[in-house]
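This report describes one protein model, starting from a single side-chain contact and widening to the fold around it.

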Amino acid sequence: MIMDYYLDIDFLKYYLAKNYLKNGKRCIFDPIRKMLVIETPEEIVRQK
């Protein structure tokens, strides 16, 4: 059976992380670690 369709999902619309400020630095709440982590490019990718 050949599937001629695909799912067009916009994952960016489901990115629900809230941004916080802690000691003047932008942070993201990590629900797995249950803590605020400094927003870095690596952390942004990890949270998606």
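## A glutamate and its partners

The side chains of Glu43 and Arg46 are joined by a polar contact of 2.9 Å. The model is a predicted one. Glu43 sits in helix 1, which covers residues 41-47. Its relative accessible area is 6%, so Glu43 counts as buried, the cut-off being under 20%. Leaving aside residues up to four places away in sequence, Glu43 touches Asp30, Arg33, Val37 and Ile38.

The pair Glu43 and Arg46 also qualifies as a salt bridge, with 2.9 Å from N to O. The two residues are three apart in helix 1, which means that about one helical turn separates them. Arg46 has a relative accessibility of 46% and is therefore partly exposed.

## Salt bridges

Side chains of opposite charge can pair when their charged atoms come close. In this model the count comes to five salt bridges. Three that involve helix 1 are listed here, among them the pair already described.

| Salt bridge | N to O distance |
|---|---|
| Glu43 and Arg33 | 2.6 Å |
| Arg46 and Glu42 | 2.7 Å |
| Glu43 and Arg46 | 2.9 Å |

What does the salt bridge between Glu43 and Arg33 tie together? Glu43 lies in helix 1, while Arg33 belongs to the loop between strand 2 and strand 3, so the pair links parts that are 10 residues apart in sequence. The two partners fall into separate accessibility classes: Glu43 is buried at 6%, whereas Arg33 is partly exposed at 38%.

The salt bridge of Arg46 with Glu42 stays within helix 1, where these residues are four apart, about one turn of the helix. Glu42 is exposed, with a relative accessible area of 52%. Through shared partners, salt bridges join Asp30, Arg33, Glu42, Glu43 and Arg46 into one network.

## The sheet

The protein has one helix and three strands, and from the N terminus the elements follow the order β-β-β-α. The three strands make an open sheet with the order 1-2-3 and antiparallel pairing. Strand 1 (19-22) and strand 3 (35-38) are the edge strands; each has a single partner strand, so one side of each has no neighbour in the sheet. From one strand to the next, the twist averages 50 degrees.

Strand 1 and strand 2 (residues 25-30) run antiparallel and are joined by four bridges. Across this pairing, Tyr20 stands opposite Cys27 of strand 2, and Lys22 has Lys25 of strand 2 as its bridge partner. The two strands form a hairpin with two residues between them, and Asn23 in the turn has a positive phi of about 55 degrees.

Strand 2 is likewise joined to strand 3 by four bridges, again in antiparallel fashion. Here Asp30 stands opposite Met35 of strand 3. Asp30 thus has a place in the sheet pairing, and Asp30 is also a residue that Glu43 touches and a member of the salt-bridge network. The hairpin of strand 2 and strand 3 has four residues between the strands, and in this hairpin Lys34 takes a positive phi near 55 degrees. The loop between these two strands also holds Arg33, the salt-bridge partner of Glu43.

## The chain as a whole

What share of the residues counts as buried? Of the 48 residues of the protein, 12% do, and Glu43 is one of the buried residues. The exposed area of the protein is about 4,800 Å², of which carbon and sulfur atoms supply 60%. Considering contacts between residues at least 6 apart in sequence, 9% join residues at least 24 apart.

To sum up, the sheet is an open one of three antiparallel strands, followed along the chain by the helix. Glu43 in that helix forms salt bridges with Arg33 and with Arg46.

How values were computed:
Residues are numbered from 1 along each chain as its sequence is written. This is a predicted model: local features need pLDDT of at least 70, side-chain atom pairs count only at pLDDT 80 or more; totals for chains, interfaces and linings use all residues. Side-chain values use heavy atoms; hydrogens and water are left out. Buried means under 20% relative accessible area, exposed over 50%, partly exposed in between (1.4 Å probe, protein chains only). Contact means heavy atoms within 4.5 Å. Accessible areas come from the Shrake-Rupley method with a 1.4 Å probe; for residues, only the protein chains shown count as cover. Two strands pair if DSSP finds at least two bridges between them. Axes are lines fitted to C-alpha atoms, for helices over the stretch in contact, and angles run from 0 to 180 degrees between N-to-C directions. A polar contact is a pair of N or O atoms within 3.5 Å; within protein, one must be able to donate a hydrogen and the other to accept it, and residues adjacent in sequence count only if both atoms are side-chain atoms. A salt bridge is a side-chain nitrogen of Lys or Arg within 4 Å of a carboxyl oxygen of Asp or Glu.
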